[in-house]
Amino acid sequence: KRGMRKKLIVLFLVGIMLSVLFISQPDRAVYSQDGGAGTDESCQTVIDTALQTMGTACAEVGRNEACYGHLQVAATFQEDVKPFDESGDIVDLLGLEALFTQPADPINDIWGIALMTLQVDRPEESVGGLTYVLFGDTEIRDTGAGVPVECTATNNGTSNVNIRSGPGTNREIIGIFSRGATGDVLGRNEAGDWLLVDVDGTEGWVFASLFDMTCDIDSLPVREGDTVLNQTPMTAITLDSRGSGACETAPDGLLVRSPEGRRTRIVVNGVELTFSSVAYLTGQGDSGDLSIQGMDGSIEVKVGEDIVTVTPNSLVTVPIFNFLPSGPPSQPVAFNPFDYPFWPTLQLID
């Protein structure tokens, strides 16, 4: 039942993309990578085919997984992880270091597209997660830093719970997590049955099943003493989109959609973005601007102490050098989606 519900959500998501992602403007010339001339019709055919293929091939993608949607997609992996070979291949994000999609080439029927979902700040029973859709001449790379998960645990049981010096009942009791109290969750052990918490300044371990949490335990970093063994993958990334495709009507960038009604944080090229929305991101990470264009809801853009908010049909840019911000975010500027040949306007699912 859960798998069918997930499949229907992905198909519905891609169906919406297919119907509203692009707004056509006629009479534009486009060219293939080998110099051959194309047409708006051939470009739209490539785009439609890619989205339809992704909708079918990636219907089974789950949380913290990436799916090869349509050719061409390349990736770099850690050891012992199966690489992408064909549309529909799915890999765990924990093994993924970087993902590259290829620019549009209507002559050779190429427009790279990939889908990934991240389970970030979401209770396990909830459906969906943060969604990335990469397309065209785009690369994202996990920085390995991760974004700290904002999570609390509440003791809604009938008795107090011991806070221990380590993850085990044989460890020293160093405090009490009182009945009805709430504390910050800092991480988990590798097995996921113990939580590292901070309760009124006392930092220690409690048995996970005794608490109600505001996040999915799998989204928490694994802690061993003072060492963080892993962070949630792909929540801190670098983004590089060059726009070198043959079809100027086919976009190159990253579409980000947060779970409805949830605020989710990611870091892109060193810029902290807090989503409750859909946004389209582009930018050259080595030297250029990171562009954040609002589709729905709002996006908080933070660089240092400077914070601006992106709303629907508004644009904020941040100067980037060597994949880090080199200045504050601009003030939001209104834009008209119809000024773009094919403008991604993914709508939130009600």
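**Figure 1. Strand 23 and its turn into strand 24.** In this predicted model, Glu-300 sits opposite Thr-309 of strand 24. That pair belongs to a ladder of five bridges between strand 23 and strand 24 (residues 306–310), and the two strands run antiparallel. They make a hairpin with two residues between them. If you like checking backbone torsions, look at Gly-304 in the turn, where phi is positive, at about 60°.

**Figure 2. Strand 23 with strands 22 and 25.** Strand 23 (residues 287–303) is also joined to strand 22 (residues 271–283), here by 12 bridges in an antiparallel arrangement. To find your place along this ladder, start from Phe-275, whose bridge partner in strand 23 is Ile-299. Strands 22 and 23 form a hairpin as well, with three residues between them. Strand 25 (residues 314–321) pairs with strand 23 too, through seven bridges, and the two run antiparallel. A handy marker for this pairing is Gln-293, which stands opposite Leu-315 of strand 25.

**Figure 3. Strand 19 between its partners.** Is strand 19 enclosed or open to the outside? All six of the six residues in strand 19 (residues 236–241) are buried, so the strand is largely enclosed by the rest of the structure. In a regular strand, side chains alternate between the two faces of the sheet. Here both faces are covered: Ala-236, Thr-238 and Asp-240 are buried on one side, and Ile-237, Leu-239 and Ser-241 are buried on the other. Strand 9 (residues 138–142) runs antiparallel to strand 19 and is joined to it by five bridges, with Thr-138 opposite Ser-241. Strand 21 (residues 264–268) runs parallel to strand 19, and two bridges connect them. Within that pairing, Ala-236 faces Val-267 of strand 21.

**Figure 4. The disulfide of Cys-58 and Cys-67.** The model has two disulfides, and this view shows the one between Cys-58 and Cys-67. Their sulfur atoms lie 2.0 Å apart. The torsion about the S-S bond is -85°, which makes the link left-handed. Are the two cysteines buried or exposed? Cys-58 has a relative accessible area of 0%, so it counts as buried, the cut-off being under 20%. Cys-67 is likewise at 0% and counts as buried.

**Figure 5. The disulfide of Cys-151 and Cys-215.** In this link the sulfur atoms are 2.2 Å apart, and the S-S torsion of -75° is again left-handed. Which parts of the chain does the pair connect? Cys-151 lies in the loop between strand 9 and strand 10 (152–154), while Cys-215 lies in the loop between strand 16 (212–213) and strand 17 (222–224); these distant parts of the chain are 64 residues apart. Both cysteines are buried.

**Figure 6. Two nonpolar cores.** The largest nonpolar core holds 38 residues, and those with the most contacts inside it are Met-116, Tyr-132, Ile-140, Leu-273, Ile-292 and Val-301. A second, separate core has 22 residues, including Cys-58, Ile-113, Val-133 and Met-295. Back in the largest core, Met-116 makes a friendly place to begin a tour. Setting aside neighbours within four places in sequence, the contacts of Met-116 include Leu-93, Leu-96, Leu-99, Tyr-132, Ile-140 and Met-234.

**Figure 7. Arg-63 beside Thr-117.** Arg-63 is found in the loop between helix 2 (40–57) and strand 3 (65–70). Its relative accessible area is 26%, so Arg-63 is partly exposed, falling between the limits of 20% and 50%. How many residues along the chain separate Arg-63 from Thr-117? They are 54 residues apart, with their C-alpha atoms separated by 5.3 Å.

**Figure 8. The whole chain and its low-confidence stretches.** The chain comprises two helices and 27 strands, and 49% of its 350 residues are buried. Of the contacts between residues at least 6 apart in sequence, 62% join residues at least 24 apart. The accessible surface is about 15,400 Å², with 47% of it belonging to carbon and sulfur atoms. Mean pLDDT is 80, and 79% of residues reach 70 or more. Residues 11–38 have pLDDT below 50, yet this stretch has 80 contacts in the model beyond near neighbours in sequence. Residues 122–127 also stay under 50, with 18 contacts beyond four places in sequence.

Key
Residues are numbered from 1 along each chain as its sequence is written. Side-chain values use heavy atoms; hydrogens and water are left out. Buried means under 20% relative accessible area, exposed over 50%, partly exposed in between (1.4 Å probe, protein chains only). Helices (H or I, at least four residues) and strands (E, at least two) are DSSP runs, numbered from the N terminus. Two strands pair if DSSP finds at least two bridges between them. A disulfide is a pair of cysteine sulfur atoms within 2.5 Å. Contact means heavy atoms within 4.5 Å. Accessible areas come from the Shrake-Rupley method with a 1.4 Å probe; for residues, only the protein chains shown count as cover. A nonpolar core is a set of buried Ala, Val, Leu, Ile, Met, Phe, Trp, Tyr and Cys residues joined through side-chain atoms within 4.5 Å. pLDDT is the predictor's confidence in each residue, from 0 to 100.
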